[in-house]
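Here is a model to talk through, with its pockets, its one-off backbone angles and its inner space in mind. Let's go through it by asking what earns each label.

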Amino acid sequence: MSSRNLLDNLWKSTEPANQIFDPERMSTLPAPALRYLMHSIEPGAPLARAVRLQMHGEIKLRHWSSFKAEQVIHTEGGMIWRATAWMSGIPIRGADRIIDGKGSMIWRLLGIIPVLKASGPDITRSAAGRLQGEYVWLPSRFALNDVLWTAQNSIHLKAQLTVAGFTETVALWLADEGRLLNISLPRWGNPEGNSFSLFEFGAKIEEERTFGAYTIPSKFRAGWYFGSDRFEEQGEFFRCTIDKADFR
């Protein structure tokens, strides 16, 4: 099945939200967690089960290349990111995804010639980590009962959640009003081209935007070695602006 069909099916399979965001029912959460959720979701809004995003930006392949992409993130069904990047003017099309607990990547030059195809346990674990971080685009995921919150202080908190059987902790740094400044997590990957291992992965959030009842990061820079000098020098590989977000 094509990546377009997979993306459409994941979106269309989303059942209507059957809960609303009620801050009073979450009064036992750490104060910074509740502040983040109240900043991100309007009280009384349906707790969306999926978000469909349109975005553009730059991705570092050999050099920085522009891209356009569409993505669906689901609270239970996973994620698919479908994109076209232009390297020296030549389009490379493909998708990264984790669906039904299995991750994969497939990319083709001109949409025809295979340049990357990968799957297996390492790819699945890495995709699970990516999804755990990208749930900041679907804040309702952090309002579910299975998320374990801990507050380090009034502006730094951690959220532990499980994707595809992998449990990891996402660190969030907040402004006083609850706006996200940075996120990070240990993510399985091989940014040095060697064997897979855990590396600190994160994003610096530069802007946010409100789409309907949800306020989410709308411009950010992401990459490996987050929190160290290597992030700026070697690790950053993704710069993105969200153009549209629909929730259901």
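Q: Which strands each supply at least two residues of the lining of the second largest pocket?
A: In this predicted model, they are β2 (64-74), β3 (78-87), β4 (90-99), β5 (102-109) and β6 (113-119).

Q: What is the volume of the second largest pocket, and which residues are closest to its centre?
A: The volume is about 380 Å³. The lining counts 21 residues, with Ser-3, Arg-93, Gly-94, Ala-95 and Ile-106 closest to the centre.

Q: How does the lining of the second largest pocket divide by class?
A: Evenly: 7 nonpolar, 7 polar and 7 charged residues. Gly-94 is among the residues closest to the centre, and glycine goes in the polar class.

Q: What makes up the lining of the largest pocket, and how is it split by class?
A: There are 50 lining residues, and Ile-59, Asp-96, Met-105, Trp-224 and Phe-237 lie nearest the centre. By class you get 31 nonpolar, 10 polar and 9 charged. The pocket itself has a volume of about 1,300 Å³.

Q: Which helix gives the most to the lining of the largest pocket?
A: That's α3 (residues 121-134), with 7 residues.

Q: Why is Ser-88 called exposed?
A: Exposed means over 50% relative accessible area. Ser-88 comes in at 75%, so it counts as exposed. You'll find Ser-88 in the loop between β3 and β4.

Q: What is phi of Ser-88?
A: Phi is positive, about 55°, although Ser-88 is not a glycine.

Q: Why is Ala-164 called partly exposed rather than buried or exposed?
A: Buried means under 20% and exposed means over 50%, with partly exposed in between. Ala-164 has a relative accessible area of 38%, so it is partly exposed.

Q: Where does Ala-164 lie, and what is its phi?
A: Look in the loop between β8 (156-163) and β9 (166-174). Phi of Ala-164 is near 55°, again a positive value in a residue other than glycine.

Q: How many cavities of 30 Å³ or more does the structure hold, and what makes that space a cavity and not a pocket?
A: There is 1. A 1.4 Å probe fits in a cavity but cannot get out, whereas a pocket is open, so this one gets the cavity label. About 60 Å³ of space lies in it.

Q: Which residues line the largest cavity closest to its centre?
A: Of 13 lining residues, those are Ser-40, Leu-180, Glu-208, Thr-215 and Pro-217. Elements giving two or more residues are α2 (31-40), β11 (197-211) and β12 (214-224). By class, the lining has 7 nonpolar, 4 polar and 2 charged residues.

Key
Residues are numbered from 1 along each chain as its sequence is written. This is a predicted model: local features need pLDDT of at least 70, side-chain atom pairs count only at pLDDT 80 or more; totals for chains, interfaces and linings use all residues. Side-chain values use heavy atoms; hydrogens and water are left out. On a 1 Å grid over the protein atoms alone, a cavity is a set of points where a 1.4 Å probe fits but cannot get out, and a pocket is an open set with protein on both sides within 12 Å along at least five of seven lines; lining residues have an atom within 4 Å of a point. Grid points are joined across faces, edges and corners, and a volume is the space filled by probe spheres set on the points. Helices (H or I, at least four residues) and strands (E, at least two) are DSSP runs, numbered from the N terminus. Buried means under 20% relative accessible area, exposed over 50%, partly exposed in between (1.4 Å probe, protein chains only).
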